[in-house]
Amino acid sequence: MTKNFWFDLTDRVIVITGGAGLLGKEHAKAIFQCDAIPIIADIDVEKAQKVAKEIGGKTFPISIDVTNENSIKTALETLLEKYGKVHCLINNAALDSKVGQSGLNSSRFENLKQESLQQDLDVNLIGPILCSKVFGTYFSKNGGGVIDRKST
């Protein structure tokens with residue numbers, strides 16, 4: 001990958017939730033090009049490992065469930081043990097329901113099942129709040145940091 005000479009983020013540890021997804025992977029590539037350390041944080045750790053290997057360098061995969069505060073705390077603790085500091089959190093994890101095999105009817109609002117709605121709320125709304133709470137608490141006690149969200 002080509003180095004980005006406009007931004008120097010050398011050795012900044014940047015956590016990307018949903019890092020093994022389509023957009024998360026692109027975030028990680030951009031971060032890598034700025035000499036930062038992309039952390040591929042994903043519930044699917046095997047997929048995160050593949051993405052980290054593909055990007056290379058210091059890219060690091062880690063398991064995280066954004067709907068579980070203990071999982072988020074464990075991920076942060078692991079990163080602090082490994083790197084000593086975390087500089088940024090990108091709240092990228094999200095569920096993006098696709099049209100299923102049953103066609104458009106499966107994705108229509110009036111056909112939405114309560115379980116699907118709850119799962120969407122847990123990952124897409126509660127997840128970023130929990131991650132921001134855990135990482136934000138760490139940032140506020142340790143000289144600052146950046147919390148961002150993906151663009152939709």
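What share of the contacts in the protein chain with a separation of 6 or more comes from residues 24 or more positions apart? The share is 64%. The legends below describe close-up views of a predicted model.

**Figure 1. The protein chain has four helices and five strands.**
Along the sequence, these elements follow the pattern β-α-β-α-β-α-β-α-β. The protein chain holds 152 residues, and 34% of them are buried. Among contacts with a separation of 6 or more, residues 24 or more positions apart account for 64%.

**Figure 2. Threonine 17 is a buried residue of strand β1.**
Strand β1 covers residues 13–17 and includes threonine 17. The relative accessible area of threonine 17 is 1%, and the cut-off for a buried residue is under 20%, so threonine 17 counts as buried. Its side chain reaches the backbone nitrogen of asparagine 92 at a distance of 2.8 Å. Neighbours within four places in sequence are left aside in the contact list of threonine 17, which holds Ala41, Val66, Leu89, Ile90, Asn91, Asn92, Ala93 and Cys131. Asn92 therefore appears both in this list and as the partner of the threonine 17 side chain, a residue that is itself buried.

**Figure 3. Aspartate 11 has a positive phi in the segment before β1.**
The phi of aspartate 11 is near 60 degrees, a positive value in a residue other than glycine. Most residues other than glycine have a negative phi. Aspartate 11 has a relative accessibility of 40% and so counts as partly exposed.

**Figure 4. Helix α1 carries its buried residues on one side.**
Helix α1 runs through residues 22–33. Its twelve residues should span 16 Å at 1.5 Å a residue, and the end C-alpha atoms lie 17 Å apart, which agrees. Gly24, Ala28 and Ile31 are buried in α1. These residues cover an arc of only 65 degrees around the axis, so they sit on the same side of α1. An α-helix has 3.6 residues a turn, so residues three or four places apart point the same way. The buried residues of α1 pack against β1, β2 (37–42), α2 (45–55) and β4 (88–91).

**Figure 5. Aspartate 35 lies in the loop between α1 and β2.**
This residue comes just after α1. Its phi is near 65 degrees, a positive value in a residue other than glycine. Aspartate 35 has a relative accessible area of 33% and is therefore partly exposed.

**Figure 6. Strands β2 and β3 pair in the parallel sense.**
The pairing of β2 with β3 (residues 60–63) runs over four bridges. Within it, isoleucine 39 stands opposite phenylalanine 60 of β3. Together with α2, the two strands make a right-handed β-α-β unit.

**Figure 7. Helix α3 has a buried face.**
Helix α3 comprises residues 69–83. For its 15 residues the expected span at 1.5 Å a residue is 21 Å, and the end C-alpha atoms are 21 Å apart, which agrees. Ser71, Ile72, Ala75, Leu76 and Leu79 are the buried residues of α3. Seen down the axis, they fall within an arc of 135 degrees and so line one face of the helix. Asn70 and Glu81, on the other side of α3, are exposed. The cover over the buried residues of α3 includes β1, β2, β3 and α4.

**Figure 8. Asparagine 68 caps the N-terminal end of α3.**
A side-chain oxygen of asparagine 68 lies 2.9 Å from the backbone nitrogen of asparagine 70. After α3 comes glycine 84, with a positive phi near 85 degrees.

**Figure 9. Aspartate 122 is a partly exposed residue of helix α4.**
Helix α4 covers residues 114–141 and includes aspartate 122. With a relative accessibility of 27%, aspartate 122 counts as partly exposed. Its C-alpha atom is separated by 9.4 Å from that of asparagine 68, although the two residues are 54 residues apart along the chain. Leaving aside neighbours within four places in sequence, aspartate 122 is in contact with Thr67 and Gly127.

Key
Residues are numbered from 1 along each chain as its sequence is written. This is a predicted model: local features need pLDDT of at least 70, side-chain atom pairs count only at pLDDT 80 or more; totals for chains, interfaces and linings use all residues. Side-chain values use heavy atoms; hydrogens and water are left out. Buried means under 20% relative accessible area, exposed over 50%, partly exposed in between (1.4 Å probe, protein chains only). A polar contact is a pair of N or O atoms within 3.5 Å; within protein, one must be able to donate a hydrogen and the other to accept it, and residues adjacent in sequence count only if both atoms are side-chain atoms. Contact means heavy atoms within 4.5 Å. The expected span of a helix is 1.5 Å times one less than its number of residues. The arc is that of the directions from the helix axis to the C-beta atoms. Two strands pair if DSSP finds at least two bridges between them. A crossover is right-handed if, with the strands pointing away from the viewer, the path from the first strand over the helix to the second runs clockwise.
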